[in-house]
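Work through these short exercises with the structure in view. Try each task before you read its solution.

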Amino acid sequence: MTASVSTKEKITNGFISLLNKRYFSEIKAVDIIKESNVSHQTFYRLFTDKYQLAETVCLDMFYRFQSVYGENASWKDLSIALLNIIKNNPRFFKHLTDDLEGAEIFRHSLQELSRRLTGSVGDPPVYYIWLCIVNEWAVNKFQDSVPEIYQKLCSSLPISEILSGKELEQALQQYEQRDMRYYFDKSNT
């Protein structure tokens, strides 16, 4: 079992190393296999393809928030943690989100994270907003602070088209403070 874990780590580390150098669409499974120093059979025993590997790596990175906030973080804590993870892996996320294939992996990883934490998937525009903001942030070399990007994210949510001023501020505060259990329970009723 330990050999399997270290083999999986070799493959994910090889993939991360490649994505730090090149865009997602430029990476082929054979490149990952070579970088990881594993056989084709080993790679395909653990992953269907580079897309499954990429999503696994993204989700593993995204789940790091649990080590700080636990399993039942608030939406705000979760969002800030994800933004910190993205900012701390700048080349990885730049090369992922700046590429059509990689952007789809990023979007799908956010949807899967939402599904696992809340029991449902949000509206497509929300993930598109995340993608656009992270992509723009990457283009600007992640110079803006996490709180600035978080505010930009909040002000871009679809609710801002319906509410404004104090109403919007109150709705966002309520939304931000709810924890993942609230959303999970709500989706299962």
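**Exercise 1.** Leaving aside neighbours within four places in sequence, find which residues Lys 50 is in contact with.

*Solution.* The model is predicted. Step one: skip the neighbours of Lys 50 within four places in sequence. Step two: look for heavy atoms within 4.5 Å. Step three: list the hits. Lys 50 is in contact with Phe 24, Ser 25, Ile 27, Ile 32, Phe 43 and Glu 101. Now take Ile 27 from that list. The side chain of Lys 50 reaches the backbone oxygen of Ile 27 at 2.6 Å.

**Exercise 2.** Place Lys 50 in its helix, then decide: is Lys 50 buried or exposed?

*Solution.* Start with the helix. Lys 50 lies in α4, which covers residues 50–62. Next, take the relative accessible area of Lys 50, which is 8%. Buried means under 20%. Lys 50 is therefore buried. Now widen the view: buried residues make up 41% of the 189 residues in the protein.

**Exercise 3.** Count the helices and strands of the protein, then compare its radius of gyration with the globule rule.

*Solution.* Count first. There are 12 helices and 0 strands. From the N terminus on, the elements run α-α-α-α-α-α-α-α-α-α-α-α. Then compare. The radius of gyration is 18 Å, close to the 16 Å that the globule rule gives for 189 residues, so the protein is as compact as a globular protein of that length. Last, the extents: along its principal axes the C-alpha trace spans about 60 × 40 × 25 Å.

Technical notes:
Residues are numbered from 1 along each chain as its sequence is written. This is a predicted model: local features need pLDDT of at least 70, side-chain atom pairs count only at pLDDT 80 or more; totals for chains, interfaces and linings use all residues. Side-chain values use heavy atoms; hydrogens and water are left out. Helices (H or I, at least four residues) and strands (E, at least two) are DSSP runs, numbered from the N terminus. The radius of gyration is taken over C-alpha atoms; the globule rule is 2.2 Å times the number of residues to the power 0.38. Buried means under 20% relative accessible area, exposed over 50%, partly exposed in between (1.4 Å probe, protein chains only). A polar contact is a pair of N or O atoms within 3.5 Å; within protein, one must be able to donate a hydrogen and the other to accept it, and residues adjacent in sequence count only if both atoms are side-chain atoms.
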